[in-house]
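User: I would like to learn how to read a model like this one, beginning with a single helix and working outward. Could you take me through it step by step?

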Protein chains: 2
Amino acid sequence: MARAADPDEPAGSAPRTADPDSPEARGGAAFVVTSGPPGTGRAALDRRRILGAAIEFIDSHGLSALTMRRLGAVLGVEAMALYRYVPGREQLLDGVVESVVDELYGDPDVHMEAAHGWQDYLQRLAHGVRRIALAHPELFPLVATRPPAAPWVRPPLRSLRWVESFLTALTGSGFSDESAVAAYRAYSSFLLGHLLLEVSQKGVAINAADTGEATPAVDPDLGEYPTVVRLQELLSVDESAAEFEEALENLLGRLEHVRREGRDPRDPDSFT
Amino acid sequence: MARAADPDEPAGSAPRTADPDSPEARGGAAFVVTSGPPGTGRAALDRRRILGAAIEFIDSHGLSALTMRRLGAVLGVEAMALYRYVPGREQLLDGVVESVVDELYGDPDVHMEAAHGWQDYLQRLAHGVRRIALAHPELFPLVATRPPAAPWVRPPLRSLRWVESFLTALTGSGFSDESAVAAYRAYSSFLLGHLLLEVSQKGVAINAADTGEATPAVDPDLGEYPTVVRLQELLSVDESAAEFEEALENLLGRLEHVRREGRDPRDPDSFT
DNA sequence: CCGGCGGCGTTTACAACGTAAACCAGCGGG
DNA sequence: CCCGCTGGTTTACGTTGTAAACGCCGCCGG
């Protein structure tokens, strides 16, 4: 009911193949800079470049490998040079997550106003965030975990600008204030849960893929857990895209319910 | 529809006060050990004691403050002594999350079999996990973030024993194998999202409480975001318990749907 | 033309971290 | 008696984040 067409693909594609939110062909990123010869990639060093390099670095080497000195080396510069542009490592990470969620603004499939109805708006937004999460699996836990600026700005939609967009979109589409806020919360936690789980699973999958051969039977002693072994096949298949879609649909349905229930009684309701 | 009575409280308590899952009166925990005089708390030093101390330490000083040397000091011992019982810091953290989720086994309100129906089972389990999350807000992000042992063991229910319990509970209550697995995923991500958001919010709240005075109006320039300021009041109220309950109810309803739809067609269905 | 000066990157330095390796105190069994 | 094991300590090393001082170099007023 009331589902917006998938923004990327022709409708009705097979559910198993070609996740529309997955990054198309991001190569393995051979990126072995390790303080390459000076003169490589030297270019003025401003804050944006630093953040960009940090993102690239985390994406390809993992968060724990990011170190001031190493990041400096990637940029062909000494560690301390970074401190001219960033107060410290912690704030650098803050900047990184900010940069990453800012990718939403550049996404043409995500709109800031609910021009085609609030369901379309939420659907596009959700997929936009999912695209980000899948593009930066190492980073997304950070996005989710880092304390929000204000207590009420909940993780995935970190910027106030998006919260504003969200709330106006919903209140402009027949949601009462209370319902809009409730919707915001439900939506946030839905996104966070699904995406965090998805990227963590993906992360494990690739880690297992680059070290081991190919699903080497089972690692621990599974003797105690017959049901787990019986369902192992089913548990291993990756249906994240479909599950995401379905849970999102369900959430939207639930929100429609909330919307109809909770029209602001004191406020004459805007169109329909 | 089909909701199990709240395991802790008499039904119908006021929604605003007295969250049944919140730790009753966890004091501010003045715990300034910082290498107290030796002879304090000296007792044989085994792995369990170490993990316990680590948990206590993280709960009261935050994850980033936990250091091998400091943990040693708390236990009245030199840092290197810990390495007799724990291979390294990373594994210590693994042990910590394992210990924390093991609290579920000791929780009398959480059952490992669905003796009173699967809805009751899931409800009790969810509240059990929520209790853990609220008791260890600094730790829960770690529980959520740490890569699971096996790819299919998704975060909040980390141990295979619980996965086994979950799956047998559901398959024993009329879920097909596929439905049980789908339910497992939906349930996991639901728990993860809600609880992670809740603790992160809580964390910010207490951080703000111990540094600032009392909600000093607004921090950044809110001029650009009129809807946010208008709804600030609503956004600030903490309805986590009620929201959790409602979302959980909704999920259970959805799972009931899944259960009825997706009975295993080839397998003669077990009772009802 | 030139002297200084401000922005930007480097050097040096330090405390704290995780951890390897050697060391040492007891102590129970040949 | 001494041997070796168990459990804790000492020492040491490499790496981290970051403070502070230093040096280069291009710009700008005299």
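User: Which residues of α3(A) are buried?

Analyst: The model is a predicted one, and in it the buried residues of α3(A) are A:Leu92, A:Val96, A:Val97, A:Val100 and A:Val101. As a general idea, an α-helix has 3.6 residues a turn, so residues three or four places apart point the same way. The cover over the buried residues of α3(A) includes α1 (47-61), α4 (118-135) and α5 of chain A.

User: What span should the 18 residues of α3(A) have, and how far apart are its end C-alpha atoms?

Analyst: At 1.5 Å a residue the expected span is 26 Å, and the end C-alpha atoms of α3(A) are 26 Å apart, which agrees. The same reading can be applied to α6(A), whose 12 residues reach 16 Å from first C-alpha to last, close to the 16 Å expected.

User: How many of the residues of α6(A) are buried?

Analyst: Burial is judged here by counting neighbours, a residue being buried if 20 or more other C-beta atoms lie within 10 Å of its own. In α6(A), 10 of the 12 residues are buried, so this helix is largely enclosed by the rest of the structure; among them are A:Trp162, A:Phe166 and A:Leu170. For chain A as a whole, 36% of the 272 residues count as buried.

User: What does the secondary structure of chain A come to?

Analyst: Chain A has 10 helices and 0 strands. Among its contacts between residues at least 6 apart in sequence, 72% join residues at least 24 apart. An annotation can be set beside such a description: UniProt, in an unreviewed entry, places the feature "domain: HTH tetR-type" at residues 44-104 of chain A, and over those residues the chain is 62% helix and 0% strand, with end C-alpha atoms 26 Å apart.

User: Which residues come closest to DNA strand D?

Analyst: A list of neighbours is best read together with the chains and elements that supply it. Of the 14 residues that surround DNA strand D, the closest are A:Met68, A:Gly88, A:Arg89, B:Glu78 and B:Met80, and α2 (68-74) and α3 (89-106) of chain A each supply at least two residues of this surface. By class, the surface near DNA strand D has 7 nonpolar, 2 polar and 5 charged residues.

User: And which residues come nearest to DNA strand C?

Analyst: Around DNA strand C there are 15 residues, of which A:Glu78, A:Met80, B:Met68, B:Gly88 and B:Arg89 come nearest. The largest share of this surface, 3 residues, comes from α2(B), and its classes are 7 nonpolar, 2 polar and 6 charged.

User: By what turn and shift can chain A be laid on chain B?

Analyst: A turn of 180° with a shift of 0.0 Å along the axis lays chain A on chain B with an RMSD of 0.1 Å, and that is the relation of a two-fold axis. A:Gly193 comes closest to the rotation axis of the residues of chain A, at 1.7 Å for its C-alpha.

User: How many residues of the two chains are in contact, and why can the copies be said to meet through the same surface?

Analyst: 49 residues of chain A are in contact with 50 residues of chain B. The largest share of the side of chain A that touches chain B, 19 residues, comes from α7(A), and the residues on that side divide into 28 nonpolar, 13 polar and 8 charged. The copies meet through the same surface because 100% of the interface residues of chain A are also interface residues in chain B.

Definitions and conventions. Residues are numbered from 1 along each chain as its sequence is written. Chains are lettered from A and ligands numbered from 1 in the order in which they are written. This is a predicted model: local features need pLDDT of at least 70, side-chain atom pairs count only at pLDDT 80 or more; totals for chains, interfaces and linings use all residues. A residue is near a molecule or strand if its C-beta atom, placed from the backbone, lies within 6 Å of it. Helices (H or I, at least four residues) and strands (E, at least two) are DSSP runs, numbered from the N terminus. Ala, Val, Leu, Ile, Met, Phe, Trp, Tyr, Cys and Pro count as nonpolar, Asp, Glu, Lys and Arg as charged, and the others, Gly among them, as polar. Two residues are in contact if their C-beta atoms, placed from the backbone, lie within 7 Å. UniProt positions are given in the numbering used here, feature names are shortened, and annotations may be inferred rather than shown by experiment. Copies are superposed by least squares on the C-alpha atoms of residues with pLDDT of at least 70 in both. The expected span of a helix is 1.5 Å times one less than its number of residues.
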